[in-house]
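Biologist: I would like to learn how charged side chains are read in a model. Please take me through the features one at a time.

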Amino acid sequence: MLNRRQLRIKVMQAVFSFQRQNPDDLKDLEKFINTSMTQSYTLFLYMAQLLVKIHEEAVERHGKKQKRLLASNVEENPSRHFIDNKILLQLRESQTLKEALQQRDLDPWHLDSKYVENLYFKIQESKTFVVYSMDEEPSLKKDLKFLTYIYEDIIAPSDELLDYLEDINITWTDDFPLVNSTMIQFMRKIKPSKDVVLPPLFKDQEDAKFTMSLFRKTLLNINELSARIEGKTPNWDKERIAQIDMVLIMMAQAEFLYFSDIPVKVTINEYLEIAKDYSSPKSANFINGILDNLLKEFEKSNEIQKMGRGLM
């Protein structure tokens with residue numbers, strides 16, 4: 001679920017925290033990174049369970065409509081498309097999802113049902129819901145199309161929902177876009193009569209090792225990495241360089257020097273993209289210039305040892 005860019009961001013946050021707090025024991029920050037990564041998965045479980053709760057809300061309200069003694073014919077026979085949505089039914093019955101929540105002692109939305117209700121009403125009021133409900137030939141493909149729409153156009157853009165999630169865990173603001181993309185891919189893989197397969201936290205164990213190694217290599221060499229930056233910015237006092245920029249340049253250096261399997265172009269592109277999201281408008285150009293100068297120096301002194309073709 002977590003890609004390399006997201007893992008780099010989590011390392012960046014931990015190194016930034018180290019510079020501000022300067023703790024004696026790096027194990028505390030390693031725990032911070034591990035907690036941050038596991039909390040990203042918790043957010044995914046929150047969003048998966050949100051769909052379950054919205055579906056439960058729809059089922060409950062559908063039942064109440066049918067029980068109204070004085071209901072009109074339309075209300076006596078409301079469309080069942082939403083409550084019979086094959087993907088939602090499979091997700092709601094998923095033993096895998098239930099076990100994942102139980103293992104982490106999670107019961108999301110139980111005490112915060114107003115967010116579920118508000119989203120349900122927004123879905124019901126949408127034109128897409130009306131068209132979907134009137135379709136005379138429902139299908140799995142149409143169920144997925146409808147579910148994708150309500151997630152991308154109603155749930156994910158909800159400021160109320162994002163504010164609520166941010167109150168629970170401030171780092172979820174950074175994780176939200178990635179988790180939403182993961183949710184769309186996850187829903188596409190759900191098939192009737194087969195239990196859902198939850199995405200793994202890491203693509204593979206190499207990504208987990210990369211995260212902790214990048215963190216340790218950056219901090220264990222922080223003085224040396226920092227000194228090189230100062231030497232490449234004669235017109236800038238250290239205090240005038242944004243702390244995030246300093247952290248990103250140090251991390252990029254660490255990848256140049258200590259990660260023989262990562263191409264330098266990949267490293268540069270990744271940190272420039274992170275800078276665009278987390279630092280000042282001019283940071284990407286500034287960082288690109290510094291990294292270019294550092295790279296020339298490293299190549300001249302033969303300090304970069306990359307393995308494999310096309311890694312330079």
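Biologist: In which helix does D167 lie?

Modeller: This is a predicted model, in which local features need pLDDT of at least 70, side-chain atom pairs count only at pLDDT 80 or more, and totals for chains, interfaces and linings use all residues. Residues are numbered from 1 along each chain as its sequence is written, and side-chain values use heavy atoms, with hydrogens and water left out. Helices are DSSP runs (H or I, at least four residues), numbered from the N terminus. D167 belongs to helix α9 (residues 159-168).

Biologist: Is D167 buried or exposed?

Modeller: Buried means under 20% relative accessible area, exposed over 50%, and partly exposed in between (1.4 Å probe, protein chains only). D167 counts as exposed because its relative accessibility is 68%.

Biologist: How should a salt bridge be read, and which residue meets K10 in one?

Modeller: Side chains of opposite charge can pair when their charged atoms come close. The criterion is a side-chain nitrogen of Lys or Arg within 4 Å of a carboxyl oxygen of Asp or Glu. K10 meets D175 at 3.1 Å, N to O. This pair links distant parts of the chain, 165 residues apart: K10 in helix α1 (residues 4-21) and D175 in helix α10 (residues 172-188). Both K10 and D175 are buried.

Biologist: What separates R61 and E57 along helix α2?

Modeller: About one helical turn, because R61 and E57 are four residues apart in helix α2 (residues 26-67). Their side chains form a salt bridge of 2.7 Å, N to O. R61 is partly exposed at 28% relative accessibility, whereas E57, at 11%, is buried.

Note on methods: Helices (H or I, at least four residues) and strands (E, at least two) are DSSP runs, numbered from the N terminus.
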